[in-house]
Amino acid sequence: MKIKNLITIDNLHSLFLLLLIFSIPFLTKLLTYIIILWLISGIVLYIKSNKTRITKFNTGIFFIILYYIIVGISLFYSENKSEAYFDIEVKLSLFIVPLMLFLLKKNYESKNNFFLLTFAIANVIATLICIIIALKNSISFSDGFTFNDTVPGIYEDTNTSPPSYFFYSNFSIFKHPAYFSAYLTLSFFIFIHLLKEKFYILKNKQLSYFIYYFSLILIPISIFFLQSKAGYITFFILIIIYFITLSIKSNKIWHSIIIPITIILIALYTYTTNSRFYYIKNALKQKEDFIKAIKNKNHQYLIEHFGIDRVSLWLITTEIAKEHLIIGCGAGDVHNELNKKFKEYQLNNFVEKHYNTHNQFLETLLAQGIIGLIILLCWLFYPFFKRHYYTAKNYLLLIFLTILIINFMFESMLNSISGVIFTAFFYGFFIKNEYLN
């Protein structure tokens, strides 16, 4: 009898949601099947428990759904239909996930912190696995104990440190380092939120505190290992803003000076000592030459001399976007348009590696034009103009959106399921309670 009581549609739906949340740091393709199970159970639960309830309008949900509709409309004027269909399929979660979370928001109220904890713990487990594997690859007992974290191979680039098992993509075995850094940054603030809420992971409070503080130490170390420049920028900016705000609210003004200065010094040390920033420092040292190359559209020189391919990608994307300014070239024709320009500038390496724009704002401008970009900006920035998202219970949405905005500047996050499901789930999860407080 007790087992039958446990197997309810509500519990089953919550189980699928927990599985989905826990799987985000680990899985990619299999996430689609988990989402399907969660959606089917969610539809049944909604029909069963919300037959007569009228759900209030939510502006944020409207904007993100409208964005997906604009992406879908761009299918009709795309020449490459197969790629357009694929893009629409990848972005489908932007439509269905926030909508489902909003429709069932009452069913999640009592479980919100538990869902957040599940995501944060999943990322800590993923990090520990990455560290264990990095240690396994670095330690050898064949000729006694030796530790060598350098990945074997011959590397042409002598300006940066040789690849290490503890750095960048060699360390991040589950996800792209930029995405994993974004996940970890959000997890860091989730742990802070749970500590403030006194939401304990276990009945033993001391052990719960140990897990929380251990995670808060482990996450910054892991972000350092991941060596994502977007990850560094995001984490440092959010930490500075958070502690300044906290210090002002608590009337401890000296905290708002000492802590940010300490963080800035750590950031400067990371910038000066980390070889990942070599080419940026080189470009700043030769800024006149760098700016001249940009003005002359000398992309070969920019890449070979300065080693910064994103600048060329952004310039080329902007150049193409001017030709399709209002409605864009269509979701399916982005790569075709980029490849034409790559060949024109003899950037054959870009063609071979199927480079995208590495900037979600420019990607949207190119694909859906100024109309798509405006709608994208609306759903990203709309919550910053709502007062109640600055309260102690709702500030995580603003932190999450800041993570997205910074990462959107460096990655086309909505081109992959890892970026889409992270965006769709947490946008819907945090914004669904717009009218509850």
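These questions and answers walk through a predicted model, from its aromatic pairs to its pocket and single residues.

Me: How many aromatic pairs does a search of the whole structure find?
Reply: A pair of aromatic rings is described by the distance of the centres and the angle of the planes. The search covers the whole structure, and its count of aromatic pairs is 47.

Me: Is the pair of phenylalanine 400 and phenylalanine 422 stacked or edge-to-face?
Reply: The ring centres of phenylalanine 400 and phenylalanine 422 are 5.4 Å apart. Their planes meet at 70°. Planes over 60 degrees apart count as edge-to-face. The pair is therefore edge-to-face.

Me: Which helices does the pair of phenylalanine 400 and phenylalanine 422 link?
Reply: The two residues are 22 apart, and the pair links distant parts of the chain. Phenylalanine 400 belongs to the helix spanning 396-408, and phenylalanine 422 to the one spanning 417-431. The helices are H21 and H22.

Me: Is phenylalanine 422 buried or exposed?
Reply: Its partner phenylalanine 400 has a relative accessible area of 0% and is buried. Phenylalanine 422 also has a value of 0%. Buried means under 20%, so phenylalanine 422 is buried.

Me: Which residues join phenylalanine 400 and phenylalanine 422 in one aromatic cluster?
Reply: The cluster holds Phe400 and Phe422. It includes two tyrosines, Tyr108 and Tyr183. The other members are Phe115, Phe119, Phe425, Phe426, Phe429 and Phe430.

Me: Which ring does the charged end of lysine 105 sit over?
Reply: The charged end of lysine 105 lies 4.2 Å from the ring centre. A charge must be within 6 Å of the centre to sit over a ring. The ring is that of phenylalanine 102.

Me: Which element gives the largest share of the lining of the second largest pocket?
Reply: The second largest pocket has a volume of about 480 Å³. Of its 17 lining residues, the closest to the centre are Ile241, Tyr242, Thr245, Tyr395 and Ile399. Helix H10 (177-197), helix H12 (229-249) and H21 each give two or more residues. The largest share, 6 residues, comes from H12.

Me: How many residues in the lining of the second largest pocket are nonpolar?
Reply: The lining is sorted by class. It has 2 charged residues and 3 polar ones. The nonpolar count is 12.

Me: How many disulfides does a search of the whole structure find?
Reply: A disulfide needs two cysteine sulfur atoms within 2.5 Å. Cysteine 130 is buried, at 1% relative accessible area. Cysteine 329 is buried too, at 6%. The search of the whole structure gives a disulfide count of 0.

Me: Is tyrosine 168 buried or partly exposed?
Reply: Tyrosine 168 lies in helix H9 (residues 168-171). Its phi is near 50°, a positive value in a residue other than glycine. Its relative accessibility is 26%. Buried means under 20% and exposed over 50%, so tyrosine 168 is partly exposed.

Me: Where is glutamine 227 found?
Reply: Glutamine 227 has a positive phi, near 55°, and is not a glycine. It counts as buried, at 10% relative accessibility. Its place is the loop between helix H11 (205-226) and H12.

Me: What separates the C-alpha atoms of glycine 428 and isoleucine 96 in space?
Reply: Glycine 428 is in helix H22. It is buried, with a relative accessible area of 0%. Along the sequence, glycine 428 and isoleucine 96 are 332 residues apart. In space, their C-alpha separation is 9.6 Å.

Me: What separates the C-alpha atoms of alanine 424 and phenylalanine 95?
Reply: Alanine 424 also lies in helix H22. At 0% relative accessibility, it is buried. Alanine 424 and phenylalanine 95 are 329 residues apart along the chain. Their C-alpha atoms are separated by 7.9 Å.

Me: What separates the C-alpha atoms of glycine 153 and phenylalanine 210?
Reply: Glycine 153 is in the loop between strand S2 (146-147) and H9. It is exposed, with a relative accessible area of 56%. Glycine 153 and phenylalanine 210 are 57 residues apart along the chain. The separation of their C-alpha atoms is 40 Å.

Conventions. Residues are numbered from 1 along each chain as its sequence is written. This is a predicted model: local features need pLDDT of at least 70, side-chain atom pairs count only at pLDDT 80 or more; totals for chains, interfaces and linings use all residues. Side-chain values use heavy atoms; hydrogens and water are left out. Rings of Phe, Tyr and Trp (its six-membered ring) pair if their centres lie within 6.5 Å; planes under 30 degrees apart count as stacked, over 60 as edge-to-face and the rest as tilted. Helices (H or I, at least four residues) and strands (E, at least two) are DSSP runs, numbered from the N terminus. Buried means under 20% relative accessible area, exposed over 50%, partly exposed in between (1.4 Å probe, protein chains only). A charge sits over a ring if NZ of Lys or CZ of Arg is within 6 Å of the ring centre and within 35 degrees of the ring normal. On a 1 Å grid over the protein atoms alone, a cavity is a set of points where a 1.4 Å probe fits but cannot get out, and a pocket is an open set with protein on both sides within 12 Å along at least five of seven lines; lining residues have an atom within 4 Å of a point. Grid points are joined across faces, edges and corners, and a volume is the space filled by probe spheres set on the points. Ala, Val, Leu, Ile, Met, Phe, Trp, Tyr, Cys and Pro count as nonpolar, Asp, Glu, Lys and Arg as charged, and the others, Gly among them, as polar.
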